[in-house]
Amino acid sequence: MPHTDTPHKRKLFIETVGCQMNVLDSELVVAALRQTGYELTDDIREADAILFNTCSVREHAEHKIYSHLGRLKHAKRRRPDCVIVVMGCMAQKDQQLIFERAPHVDLVVGTGQLREIPRLIEQARRDREQRLAVSLHRKAGSRQAVAASFESYDPLRTPEMRPSPFQAFVRIMIGCDKFCTYCVVPMTRGPEQCRPPSQIAAEVRVLADQGVREVTLLGQTVNSYAAVENGRQYRLHDLLELIHDTGGIDRIKFVTNYPRDLSDELLQAVRDLPKVCRYLHVPAQSGCNDVLRRMKRGYTVEEYREMIARIRSTVPGCAVSSDFIVGFCGETEKSFERSMDLIRDCRFKNSFIFKYSPRPGTKAYELYEDDVPEEIKRRRNNEMLALQNRISEEDNAAFIGRRVEVLVEGPSKAAEKAGASGPDAPVQLVGRTDCDRIVVFDGHPRLAGSLATIEIHDCTSTTLIGSIVTHEITHGASVSLPIVQ
Ligand code: SAH
Ligand code: SF4
Ligand code: F3S
């Protein structure tokens, strides 16, 4: 295998869609490939390996990947030794179908087989054979056998692959056993399996030593975490306590929460542990009990409201965000209005709103007709977005005149687009409060990775706008900062 500093490194292009799990998986796969002598390129035409990390949660996400793959047909003809890899959720879901629809693809690698990618790429370079590496279908064996075929991929972390050197995702569990009727994730990510607490704590320690200040714990239903180690039972709040005192870590977040499993102990941990951010993403999906029942979400809207009331009374100032699906099978105008009522009453910080997309292989696809026409889905989507934006803007306006502490993430997108105007010139920076609000302000790019106090003087529905009051002395040796990349 070539050593990392061979003069002619092979080039690797990767495109990632989907959720944070995919962002983490891409980081880990790229890190592994770098160790075998690859380097990243932004130019797909010069790549020796092209990886697509895919998502199947909605049809649209799959369409985009298939059409992108289609466009690569000619490139592959020109450069037959370029290895094309489809990895992630769509790889696990569509399997052989990907080779049928895009015969120039070399490798199809599911979410549970990512460890194999470097070896499979080498093999494909040598023999140009197509290979499929996927986990068992959920009905193809005992729970144990299916679970064993989905491997959680968490190799040693290498800092240079992270979107920022001071923020990192940490997987605490894989898979999902909730089987909401609309959702492919239990198929694409397999059975729910939790990593041992000691492994997670060790990974957080390694990350802190590499200069990470903020970790986000990841799980499809992160607050359902349950593991036994050395005879002791750990739930999410125990895990938060376990990692809380890791030196160097200032902020701990976790996503995504499942409403029914949001315990009082967890809320008390969010209230009492100072590094845990006062921010909870707890998707409601709908405000109508008939719809929730057909979605098999496992709670009523009354229970969801009661849960929100518990959050508000236990953790004052906690920001709550949500997901909603509009136009699910059988959603009437009345059901939709109930979702709007829920948004009005809960005043979410923000909501991600999706039009229902029927997914083959799910219960909803089998049992219910996709009976809400596209234009009605679109209208409901827009109305809901307008309501949520109005609420977000009103609640953001309450911050005007106040001071907030942010972790500075780096130059804003606008500043990046404008290009660097010199390494020492102030640029527009972006950071987040501990309640996950986005804040923009002018400052030196070197502040990235430090904490700053910002006075807010304006806002939009998505962003607080302010100016720096104080900031930390930018830190030293252990962190190398990616100034305007
Ligand atoms: N595990 C997380 C997120 C799953 S996918 C959770 O349970 O909340 C992210 C979001 O995509 C979901 O919350 C849901 O709102 C949306 N989603 C999932 N399947 C969908 C589908 N078939 N059509 C439209 N939106 C969907
Ligand atoms: Fe999908 Fe439901 Fe699992 Fe979330 S909890 S990943 S929506 S099945
Ligand atoms: Fe998509 Fe898979 Fe995440 S389907 S949302 S990438 S778990």
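Here is a short chat about a predicted model, its ligands, its hollows and a few of its residues.

Reader: Let's start with ligand 3. Which residues are around it?

Author: By class, the shell has four nonpolar, three polar and one charged residues. Cysteines turn up in that shell, and so does an arginine. The full set is Cys-19, Asn-22, Cys-55, Ser-56, Val-57, Cys-89, Arg-189 and Gln-220.

Reader: And ligand 1, how many residues surround that one?

Author: Tyr-182, Gln-220, Gln-285, Asp-323 and Ser-357 are the closest. Gln-220 is also among the residues around ligand 3. Counting the whole surroundings of ligand 1, you get 15 residues.

Reader: Which residue puts a side-chain N or O atom 2.7 Å from an oxygen atom of ligand 1?

Author: Let's go through the polar neighbours. Gln-220 has a polar side-chain atom 2.8 Å from a nitrogen atom of the ligand, and Ser-357 comes to 2.8 Å from a nitrogen atom with a backbone N or O atom. Neither of those partners is an oxygen atom of the ligand. The residue you want is Gln-285.

Reader: Now the hollows. What volume does the largest cavity have?

Author: The structure holds three cavities of 30 Å³ or more. The lining of the largest one includes Met-21, Phe-150, Tyr-153 and Arg-189, and its residues divide into four nonpolar, four polar and four charged. Arg-189 also appears around ligand 3. The space in this cavity comes to about 70 Å³.

Reader: Which helices each supply at least two residues to the lining of the second largest pocket?

Author: This pocket holds about 280 Å³ of space and is lined by 14 residues, with Lys-139, Phe-179, Met-187, Gly-361 and Lys-363 nearest its centre. By class, the lining has five nonpolar, four polar and five charged residues. Met-187 falls in the range 185-189 and Lys-363 in the range 363-367, which point to the two helices. They are helix 8 and helix 15.

Reader: Is Ser-322 buried or exposed?

Author: Ser-322 sits in strand 15, residues 319-326. Among the residues it touches are His-281, Tyr-304, Phe-348 and Phe-352. Its relative accessible area is 0%, and the cut-off for this class is under 20%, so Ser-322 is buried.

Reader: Which residue has its backbone nitrogen 2.9 Å from a polar atom of the Ser-322 side chain?

Author: Ser-322 touches His-281, Val-282, Pro-283 and Ala-284, among others. One of these brings its backbone nitrogen to 2.9 Å from the serine side chain, and that residue is Ala-284.

Reader: What about Lys-253, which residue's side chain makes a polar contact of 3.2 Å with it?

Author: Lys-253 lies in strand 13, residues 251-255. At 7% relative accessibility it counts as buried. Its neighbours include Glu-214, Thr-216, Arg-432 and Asp-436. The side chain joined to Lys-253 at 3.2 Å belongs to Asp-436.

Reader: Last one. Why does Asp-42 count as exposed?

Author: Asp-42 lies in the loop between strand 2 (38-40) and strand 3 (49-54). From its C-alpha to that of Glu-160 is 16 Å, and the two are 118 residues apart in sequence. Exposed means over 50% relative accessible area. Asp-42 passes that cut-off because its own value is 77%.

How values were computed. Residues are numbered from 1 along each chain as its sequence is written. Chains are lettered from A and ligands numbered from 1 in the order in which they are written. This is a predicted model: local features need pLDDT of at least 70, side-chain atom pairs count only at pLDDT 80 or more; totals for chains, interfaces and linings use all residues. Side-chain values use heavy atoms; hydrogens and water are left out. A residue is near a molecule or strand if one of its heavy atoms lies within 4 Å of it. Ala, Val, Leu, Ile, Met, Phe, Trp, Tyr, Cys and Pro count as nonpolar, Asp, Glu, Lys and Arg as charged, and the others, Gly among them, as polar. On a 1 Å grid over the protein atoms alone, a cavity is a set of points where a 1.4 Å probe fits but cannot get out, and a pocket is an open set with protein on both sides within 12 Å along at least five of seven lines; lining residues have an atom within 4 Å of a point. Grid points are joined across faces, edges and corners, and a volume is the space filled by probe spheres set on the points. Helices (H or I, at least four residues) and strands (E, at least two) are DSSP runs, numbered from the N terminus. Buried means under 20% relative accessible area, exposed over 50%, partly exposed in between (1.4 Å probe, protein chains only). A polar contact is a pair of N or O atoms within 3.5 Å; within protein, one must be able to donate a hydrogen and the other to accept it, and residues adjacent in sequence count only if both atoms are side-chain atoms. Contact means heavy atoms within 4.5 Å. Lists of a residue's contacts leave out its neighbours within four places in sequence.
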